[in-house]
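Dear colleague,

I am handing over the structure below, with notes on what was found in it. Please read them with the structure open.

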Amino acid sequence: MTDTLSWTRARRIALRAQGMGRARRTEIPAPAASRRALRRTLEHTHLLQIDSVSVFARAHHLPVFTRTGSWDPAVLDRLSRPGPGRLVREALAHEATFATHEVHGLLDFRRRAAAHRDWGAIREAGASSPHLLEKILAALEEIGPASAATVSRHLGDTERGGGWGWRRTDSQWAVEYLFRSGTLDCVGRSAQFERLYVAAEDAPRTLRAPAPPGADDLAPAAEAEDPERAESIRALMALAARSLGIAETASLADYFRVPVREARAAMEALEATGEVRRVRVEHPAGAREMLLHRDAPAPTPLRISALVSPFDPLVFHRPRLSHLFDVEYRIGIYTPEARRTTGYYSLLFLHGDVIPALVDLKADRARGVLEVRGTFREDLPHLPARQRPADEAVVEALGAELGRAARWQGLDRVRVRTGAGTGALAEPLAAVLEAGDRGAAS
């Protein structure tokens, strides 16, 4: 018999499985506490998606803030560098991510596949410069951690491909290949947010470019023939199931970007061992079958108000965001300005176990101001009216959270734009913050 859960209980399980619900700091703590905050977050998420957009804060810094409050992101920079204290490594897990050592190891099948995949640009580069890969490793040995562009200049390779899109030199394509296949390790980012590479300590023993199609001696093995692939995917799906608590197979597959067919086979194996079980989640639009992890947390109410990045593991899979939280989210950075409905880079605002608002933020560091460029109420069309927080409660909680966010980013003030296109909650939020400013000044 399949158990039935309410929609509310499913949301609470999902949030607590991701580490939501703890008390959150306002003041930035000492480095030791920041390290603990990062470790606690990774215990639940196993990864942090990396993104270059810094209009408010880097996407890989926000999940720790969401779960624990203010912390020092410099800790992440230190703990991602090689050495005995290293906590995470950059890997292609969801997208580019900081991943735990466990996840990085389980993704070795993906690096093996990248090494054998038919990289046309690398074959062509290898034909014109047979020792290009060895030259890149020698260059990195000579100049230290360096970006692909720096390596290319060091080798005197300045000829970029024609057309539009990824116009890279042969050397830059080769560096990307070496990273994706595990020969290079990323040990930081430049001021332009370019990866900085060194030779990986655990690099594959062989170093060669993909063979041209039809080359019998070096023909790439089919991914399905990789004997460790299925076992690694099963382990990754077990981690995803624990991290999400309750989820549909498509959401579990999306967590580490595993093909749905292989994710489904892995989940069937985990179901057979009792690690997950099927449950029926009630929903006004119709019940949905989901998989519940055996160690999923209790669905206790959450007293939390927090900003959530659109790249947070909680909301990786947009259908899951819709099914569980009733939010149809589309990020504005990829949308022409005239077609944006909720700003350029809106964060989700979690209040209790619902997401009643989006807020478009910009950190104006020169003026010391956290600028709120839009404050948008979510419709939550399926959520019963009694479960929707009132506007007054939302803006009061959001005002407090914005104050915490500003202090975390070293900003002195929060200022709210109002008027056309700034959202239904902009004026009420501005009034709440102005009242708070007057109270603080009196």
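Is Glu248 buried or exposed? Glu248 has a relative accessible area of 17%, and because buried means under 20%, Glu248 counts as buried. Please keep in mind that this is a predicted model.

Glu248 has a charged partner. It forms a salt bridge with Arg288, and the closest N and O atoms of the two are 3.1 Å apart. Glu248 sits in the loop between strand 7 (246–247) and helix 12 (249–255), while Arg288 belongs to strand 9 (residues 288–293), so the salt bridge ties together parts that lie 40 residues apart in sequence. Unlike the buried Glu248, Arg288 is partly exposed, with a relative accessible area of 29%.

Strands 7 and 9 also meet in a sheet. Two bridges join strand 7 to strand 9, and the two run antiparallel. Within these strands, Ile246 stands opposite Leu292 of strand 9. The sheet is open and is formed by four strands in the order 1-8-9-7, with mixed pairing. Strand 1 (3–5) and strand 7 are at its edges; each has a single partner strand, so one side of each has no neighbour in the sheet.

Now to the other salt bridges. The structure holds 28 of them. As background, side chains of opposite charge can pair when their charged atoms come close.

One of the salt bridges joins the side chains of Glu228 and Arg112, at 3.7 Å from N to O. This pair links distant parts of the chain, 116 residues apart: Glu228 is in the loop between strand 6 (195–199) and helix 11 (229–244), and Arg112 is in helix 6 (residues 108–116). Both residues are partly exposed, Glu228 with a relative accessible area of 45% and Arg112 with 24%.

Another salt bridge is formed by Arg367 and Asp364, whose closest N and O atoms are 2.9 Å apart. Here Arg367 is partly exposed at 47% relative accessibility, whereas Asp364 is buried at 17%.

Some salt bridges share partners. Through such sharing, Glu90, Glu176, Arg180, Arg189 and Arg195 are joined into one network.

If you look at one place to begin with, I suggest Glu248: this buried residue pairs with Arg288 in a salt bridge, and Arg288 is in strand 9, which is joined to strand 7 by two bridges.

Regards

Notes:
Residues are numbered from 1 along each chain as its sequence is written. This is a predicted model: local features need pLDDT of at least 70, side-chain atom pairs count only at pLDDT 80 or more; totals for chains, interfaces and linings use all residues. Side-chain values use heavy atoms; hydrogens and water are left out. A salt bridge is a side-chain nitrogen of Lys or Arg within 4 Å of a carboxyl oxygen of Asp or Glu. Buried means under 20% relative accessible area, exposed over 50%, partly exposed in between (1.4 Å probe, protein chains only). Two strands pair if DSSP finds at least two bridges between them.
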